[in-house]
Amino acid sequence: MSTTDHADRASGGGPGADRAAAARAYRPALREGVLISPALLRGPRTVHLIKHPVSGAAFEVGPREHFVIGLLDGTRNVDDVVAAYAERFRRRLPEEQWTRLLGLLGTRGLLDGSPEPAPPEAGPARTGTFWAGSRRTVADAHATTGRLHRLLRPVLRPWAQLPAAAAVVVMTVAVLRDAGAFLDGTWELLTNPLALVPFAVFLWFSICLHELAHGVAARHYGGVVSEIGLRWRFPAMMMYCTVDNYLFLPGLRAKLVVAAAGAYVNLTLLLPFALWWALLDPADPARPVLTGMLFVGIVQALSNLVPLPPLDGYRMLGHLLGAANLAPETGAYLTLRRRGRDAVAAYPPRARRLYVSYAVAAAALVLVAAAGTCAAVVWLFLR
């Protein structure tokens, strides 16, 4: 050991001491724009998602790490964080855990001053085959939905939406309250090609607007729309709209509105048909066909709110319950549960109740849908 090392040790100084002092004085701050999700139940764990605003890379952290990350505002050093952690969790934050977390955030470019990562490269415009695949059709989906949002902003205000929502409810109740009328109307529609073909084209465009509505609603709440394109499963072809930071939108209401926007637009597009239907004389021969159109359109819109994947209602239920990947995690839980109680001992009581309840409800919904489909087919054959 050198004379200088002995002197440094004796005086308590030297490069090592300087580095330790600098580390304790360091006041880390998150990079501006880092996205943090609310708590999500994923299997037996509660997690938060952390997403880089440029690269789009995301990863999960637990509640304790989330608490520490929430303190990184550039005003607290390690002693401040340790004190806040001890007050919150009644235990001291291990120094190695603090160091490891800072290292993770730094290497992922999530700390202020860390290297700026390159933005993700755009994928191929087209994927898949003739039989199934997708094609991106809009060069800048975010800018396009932004322009649509600015155009539609006046009618997105409560003064316009509250009457429209009330009209949708009145229309739905009026059409569905008479089972005999809408069944007869559906038959009249299906046996009238002159009405059925244009109405099928209308429904296709309605589904396209359904997807755009998700993007416009996301832009209204600060979301990022990454892609708009066409997806096909021969012979069907539909539009799709991808919202990148859907889980990071501010508040539960924003997520629910974005998820429900598509079905809501489908219903509002039926309002002109409903007005025509309401003004017609009950004996008018066109009224049954209009009844069938309204019934098919309402069922198509409301079916998206059924809480089964990949429908919008499934996403809404996940947001309401604060659960991620509800269907896959339910399947994983049931698979483990068949091995015995010890296999699911790590699951908290809330997770057990939630996954069992969703399994029962999903099975019931599938049975009801199958029974309804069979009844409709039998009814059509018996006409």
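**Figure 1. L35 stands opposite K51 of strand β3, in a predicted model.** The close-up shows β3 and its pairing partners. Strand β1, residues 35–36, pairs with β3 in the antiparallel sense over two bridges. Strand β2, formed by residues 40–42, is also antiparallel to β3, and three bridges connect this pair. Within the pairing of β2 and β3, L40 has V47 as its bridge partner. Two residues lie between β2 and β3 in their hairpin, and G43 in the turn has a positive phi of about 65°. Strand β4, residues 58–61, runs antiparallel to β3 and is joined to it by four bridges. One of the residue pairs here is I50 with its bridge partner F59 in β4. The hairpin of β3 and β4 has six residues between the strands, and G56 takes a positive phi near 80°. Strand β3 itself spans residues 45–51; five of its seven residues are buried, so the strand is largely enclosed by the rest of the structure.

**Figure 2. N245 occupies the loop between β8 and α10.** Helix α10 comprises residues 251–268. Is N245 buried or exposed? The relative accessible area of N245 is 7%, and the residue is therefore classed as buried, for which the cut-off is under 20%. With neighbours within four places in sequence left aside, N245 is in contact with L35 and K51. The further contacts of N245 are G222, G223 and V224. L35 and K51 are also the residues that stand opposite each other in the pairing with β3.

**Figure 3. Four strands form an open sheet in the order β5-β6-β7-β8, with antiparallel pairing.** The edge strands are β5, residues 126–128, and β8, residues 236–243, each of which pairs on one side only. From one strand to the next, the twist averages 20°. Strand β6, residues 132–136, is antiparallel to β7, with five bridges between them. Strand β7, residues 225–233, pairs in the antiparallel sense with β8 over eight bridges. Which residues are the bridge partners of G229 in β7 and in β8? R136 has G229 as its bridge partner in β7, while G229 has Y240 as its bridge partner in β8. W232 is likewise partnered with M237 of β8. A hairpin through two residues joins β7 to β8.

**Figure 4. Helix α9 lies across β7 and β8.** The helix covers residues 193–220 and runs at about 5° to β8. S206 belongs to α9. With a relative accessible area of 2%, S206 is buried, because the cut-off for this class is under 20%. S206 touches N266 and L269, residues up to four places away in sequence not being counted.

**Figure 5. The largest nonpolar core has 21 residues.** The residues with the most contacts inside this core are M171, V175, L267, L270, M293 and L294. Two or more residues come from each of α7 (158–176), α8 (179–190), α9, α11 (271–279) and α12 (286–303). Which element gives the most to this core? Helix α12 does, with seven residues. M293 touches L189, A195, F199 and F273, when residues up to four places away in sequence are not counted. A second, separate core has 20 residues, including L71, V78, L93 and L110.

**Figure 6. Helices α13 and α14 cross at roughly 70°.** Helix α13 is formed by residues 312–321 and α14 by residues 326–337, and their axes come within 10 Å. The crossing angle makes α13 roughly perpendicular to α14, a class that covers 65 to 115 degrees. Y314, L317 and L321 in α13 meet L326, A327 and P328 in α14. By class, this contact has six nonpolar residues, no polar residues and no charged residues.

How values were computed: Residues numbered from 1 in each chain as written. Predicted model: local features only at pLDDT ≥ 70, side-chain atom pairs only at ≥ 80, totals over all residues. Heavy atoms only, no water. Pairing = 2+ DSSP bridges. Axes fitted to C-alpha atoms, helices over the stretch in contact; angles between N-to-C directions. Contact = heavy atoms within 4.5 Å. Buried < 20%, exposed > 50% of the residue type's maximum accessible area, 1.4 Å probe, protein only. Core = buried A, V, L, I, M, F, W, Y, C linked by side-chain atoms within 4.5 Å. Parallel < 35°, antiparallel > 145°, perpendicular 65-115°, else oblique. Nonpolar A, V, L, I, M, F, W, Y, C, P; charged D, E, K, R; others polar.
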